[in-house]
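I opened the notebook to record what I looked up in this entry, and in what order. My interest was in packing, in rings and in one loop residue.

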Amino acid sequence: MKPIHKIATTAALSVGLVLGINAYSSAGQKIIMADDPVLAKLGGTYDIDPSHAHAGFSVSHLGFSMQNGQFDTISGKVTLDPAKPENSKVSVTIDAASIDSGWDKRDAHLKNADFFNVEKFPKITFVSTKVTPTGKSTA
């Protein structure tokens with residue numbers, strides 16, 4: 001018999017990625033804060049610094065509470081085109097097995113086929129399809 005909470009939590013699972021990140025060039029050049037206005041003037045491709053990136057999730061438990069967690073292993077690239085910001089792009093890869101909700105039993109359940117099915121889908125990927133400028137230094 002499967003637990004009843006599977007129905008509610010599966011429907012309410014969402015994963016978000018926060019890109020308030022530090023970046024460094026593929027050549028290992030100087031680390032620059034992503035919210036630094038200097039970065040807005042620099043073009044090129046930057047590796048995401050995993051120590052300054054966060055991929056989190058929330059799971060609703062029967063609508064009574066939200067359980068939060070994160071993925072500890074993140075990598076990716078940010079390409080900036082200051083002349084044409086719409087040509088900028090982001091790609092992120094997350095190791096699904098690096099899930100951490102703060103409770104080992106819940107992590108094991110989230111890793112199985114009821115949720116992330118990490119055996120079949122070991123990586124979670126995000127690749128931007130569009131970048132829309134929303135202000136002088138935001139998009």
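The entries below follow the order of my look-ups.

**Model.** I note at the outset that I am working with a predicted model.

**Core.** I began with the largest nonpolar core, which has 17 residues, and I looked for the members that touch the most others: these are Phe71, Leu110 and Phe116. I then asked which strands contribute to this core, and found that strand S5 (54-61), strand S7 (74-80) and strand S8 (89-95) each supply at least two residues. For Leu110 I listed the contacts beyond four places in sequence, which are Phe57, Val59, Ile99, Ser101, Phe115, Phe116 and Asn117.

**Rings.** I went on to the aromatic pairs, of which the structure holds three. In one of them, Phe57 and Phe116 meet edge-to-face, with 6.1 Å centre to centre and 70° between the planes. Phe57 lies in strand S5 and Phe116 in the loop between helix H3 (104-111) and S10, so this pair ties together parts that are 59 residues apart in sequence. I also checked the pair of Phe71 and Phe116, whose ring centres are 5.3 Å apart with the planes at 90°, so I entered this pair as edge-to-face. Here too distant parts of the chain are linked, since Phe71 sits in strand S6 (residues 65-71) and is 45 residues apart from Phe116. Taken together, ring pairs link Phe57, Phe71 and Phe116 into a cluster.

**Burial of the cluster.** Are these rings buried or exposed? Phe57 and Phe116 are both buried; for Phe116 the relative accessibility is 13%, and this residue counts as buried because the cut-off is under 20%. Phe71 is buried as well, with a relative accessible area of 2%.

**Strand S10.** I turned next to strand S10 (residues 123-127) and counted its buried residues, which came to zero among its five residues, so I entered the strand as hardly covered. S10 runs antiparallel to S8, and five bridges join the two. Looking up Ser91, I found that its bridge partner in S10 is Val127.

**Ser88.** My last look-up was Ser88, which has its place in the loop between S7 and S8. Despite that loop position I recorded Ser88 as buried, with a relative accessible area of 12%. What does its side chain reach, and at what distance? The side chain of Ser88 reaches the backbone nitrogen of Asp81 at 2.9 Å. Not counting residues up to four places away in sequence, Ser88 touches Thr79, Leu80, Asp81 and Val131.

Technical notes:
Residues are numbered from 1 along each chain as its sequence is written. This is a predicted model: local features need pLDDT of at least 70, side-chain atom pairs count only at pLDDT 80 or more; totals for chains, interfaces and linings use all residues. Side-chain values use heavy atoms; hydrogens and water are left out. A nonpolar core is a set of buried Ala, Val, Leu, Ile, Met, Phe, Trp, Tyr and Cys residues joined through side-chain atoms within 4.5 Å. Buried means under 20% relative accessible area, exposed over 50%, partly exposed in between (1.4 Å probe, protein chains only). Helices (H or I, at least four residues) and strands (E, at least two) are DSSP runs, numbered from the N terminus. Contact means heavy atoms within 4.5 Å. Two strands pair if DSSP finds at least two bridges between them. Rings of Phe, Tyr and Trp (its six-membered ring) pair if their centres lie within 6.5 Å; planes under 30 degrees apart count as stacked, over 60 as edge-to-face and the rest as tilted. A polar contact is a pair of N or O atoms within 3.5 Å; within protein, one must be able to donate a hydrogen and the other to accept it, and residues adjacent in sequence count only if both atoms are side-chain atoms.
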